[in-house]
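User: Please take a close look at one helix in this chain and at what surrounds it. I would like the geometry and the contacts first, and then how the rest of the chain is built.

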Amino acid sequence: MHISILKVSTAVMLTAWPVAVGFAQSSVPQSISAADKATGAKAHPELLSEFGGLYAGPQADYVRRVGQKIAVQSNLSNSQSDFTISLLNSPANNAFAIPGGYVYVTRQLLGLMNDEAELASVLGHETGHVAARHSQRRQSAATRNGILGALGQLGVGLLLGGNSQIGQLLSRGIGTGAMALTQKFSRTQEFEADDLGVAYLARAGYDPRASSTMLASLAAQSALDARSRGQDGRSTPTWASSHPDPASRVSRAAQKASATRITAGARNRDVFLNTLNGTLYDDDPKQGVVDGQIFRHPELRLTFTVPNGFAMSNGAQAVTVSGSGGQAQFTGAAYNGDLRDYIASAFSALAGGQGTLPTGDVQSTQINGINAAYSTVRANTQSGQVDVTIFAYAFDANRAYHFVVIAPAGQGIGPFSSLVQSVRRMTASEAAAVKPRMIRVVTVKSGDTIASMASRMAYSTMRNERFLTLNALRAGTALRPGQRVKLVVYS
């Protein structure tokens, strides 16, 4: 989490990899237009900031080369240099593309892949969305995600009985989090992009079956993420709430690959694993680290603990907390030394800066030696009334942070009392103890088993499941001496 308020153009159309695509041949443009180039060039730096910036290292150049190779198969351009392929320093499993030849993939999703062909399948899929002009077709339906967009889309209406200045409070959101902009596509468009990705793989000389194996890994990771949140593993992830889930697309992608009649093709597994080795995985300590129910930010020297039963997600601009009892988001803004002004500005940011918002009675307090203040207002939503609270903390004369808390009406901060009370400063030794995780590629030796390998994973829970998912292996699989596998270890 980088603390800043980010303004992202709502005209930009994004698509997340987990909500993939396909294409109608007649709609595929033969070149990147000047207008598309201008749109992409304007959005590119904003997106880099929103998604953690560029990832530095040899992996970035490798992703660029593979991405350009697959992107030219789209007929958008015959020149690889017309495509800007970016590896993002984000812990989210995500990829997307925007008009103008800009394609993005996160280092986290890169870590889930097992060969170069799977990487090409992801980048080809995203290029397919652009080639089929899905963004332009759905532009009128584009929505901007803010705190409620990312935390449950409650459909907030008027606040406090219809004040026209603040009628869009919360529905606009604060523009932070890993998915600040989302373009939702129809099922047909998702399948179209999948089909295009398979076609691009075949044209580029890759094994077209890589699309199916990549989707299978993504489905397994989705189920694992759900289990780690205490769900049953069958729930649809928020990023795929209106799209065909990965598991339902695996067999379809395999059928499309079979239809190409290509039974062999490049996978380039060793080259991929050699390059992947040493890649940062999960959170970057510079953006804060989620460890179970605890969030730690060693650079900002702050920490807090999320209540049991709530899930936490660390984005480039904010930390999101969600569960059945409410939602919250932790972020920061400019601070002039007055917490009352800070809270008023935070409410105004929720409304997109439209007018001055009533903040109710601002109450002052102290949390673990930190000066704090909070205020609650009532909001009407499609699901009923809710309480919206800004709980702010002054860490020093020039630095403040805050939670936006949403709970059922009449409960104030509701189940988040322990959350707001848990915020505290980290000691120097605590900050120094926060270590990053990374991908380490190792060779299986005689006697190694899934259990012995999984025991080396830098997690306290679900080690076997994480190891199997990371390596696209099934439970009960016998490892072979000389086989190369991925581990997630502390740096």
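Analyst: What follows starts with one helix and works outward to the rest of the chain.

This is a predicted model, in which local features need pLDDT of at least 70 and side-chain atom pairs count only at pLDDT 80 or more, while totals for chains, interfaces and linings use all residues. Residues are numbered from 1 along each chain as its sequence is written, and side-chain values use heavy atoms, with hydrogens and water left out.

The helix is α1, residues 34-50. Helices here are DSSP runs of H or I with at least four residues, strands are runs of E with at least two, and both are numbered from the N terminus. The expected span of a helix is 1.5 Å times one less than its number of residues. For the 17 residues of α1 that gives 24 Å, and the end C-alpha atoms are 25 Å apart, so the two values agree. Even so, α1 bends by about 35° at His44, with a proline, Pro45, following within four residues. The bend is the angle between axes fitted to the seven residues ending at a position and the seven starting there.

Next, burial. A residue is buried under 20% relative accessible area, exposed over 50% and partly exposed in between, with a 1.4 Å probe and protein chains only. In α1 the buried residues are Asp36, Gly40, Ala43, His44, Leu47, Leu48 and Glu50. An α-helix has 3.6 residues a turn, so residues three or four places apart point the same way. Just after α1, Gly52 has a positive phi of about 90°.

Some of the surroundings of α1 come from further along the sequence. Ser86, in strand β1, touches His44 and Leu48, as well as Leu54, Val103, Tyr104 and Val105, leaving out residues up to four places away in sequence. Contact means heavy atoms within 4.5 Å. Ser86 counts as buried because its relative accessibility is 4%. Ser90 sits in the loop that joins β1 (84-88) to β2 (95-98). Beyond its neighbours within four places, Ser90 is in contact with Phe51, Thr106, Arg107 and Gln108, and at 5% relative accessibility it is also buried. Ala97 belongs to strand β2 and is buried, because its relative accessible area is 1%. The C-alpha atoms of Ala97 and Gly40 are 9.3 Å apart, although 57 residues separate the two in sequence.

Val105, a contact of Ser86, is also among the members with the most partners in the largest nonpolar core, which has 59 residues; the others are Leu109, Met113, Leu119 and Phe467. Such a core is a set of buried Ala, Val, Leu, Ile, Met, Phe, Trp, Tyr and Cys residues joined through side-chain atoms within 4.5 Å. Helix α4 (residues 116-131) gives the most to this core, with seven residues. A second, separate core has 27 residues, including Phe295, Leu302, Val405 and Val423.

Phe295 is in β9, opposite Val290. Strands pair if DSSP finds at least two bridges between them, and β8 and β9 (residues 294-297) pair antiparallel over three. Both belong to an open antiparallel sheet of four strands in the order β8-β9-β10-β18, where β8 (289-291) and β18 (424-425) are the edge strands, each paired on one side only.

Elsewhere, β16 (residues 384-396) and β17 (residues 399-408) run antiparallel, joined by ten bridges, and form a hairpin with two residues between them. Ala392 has His402 as its bridge partner. Ten of the 13 residues of β16 are buried, so this strand is largely enclosed by the rest of the structure.

Two loop residues have unusual signs of phi. Most residues other than glycine have a negative phi. Asp282 has a positive phi, near 60°; this residue lies in the loop between β7 (280-281) and β8 and is buried at 16% relative accessibility. Met462, in the loop between α14 (450-454) and α15 (463-470), has a positive phi near 55°.

As for the chain as a whole, there are 15 helices and 20 strands, and buried residues make up 55% of its 491 residues. Of the contacts between residues at least 6 apart in sequence, 71% join residues at least 24 apart.
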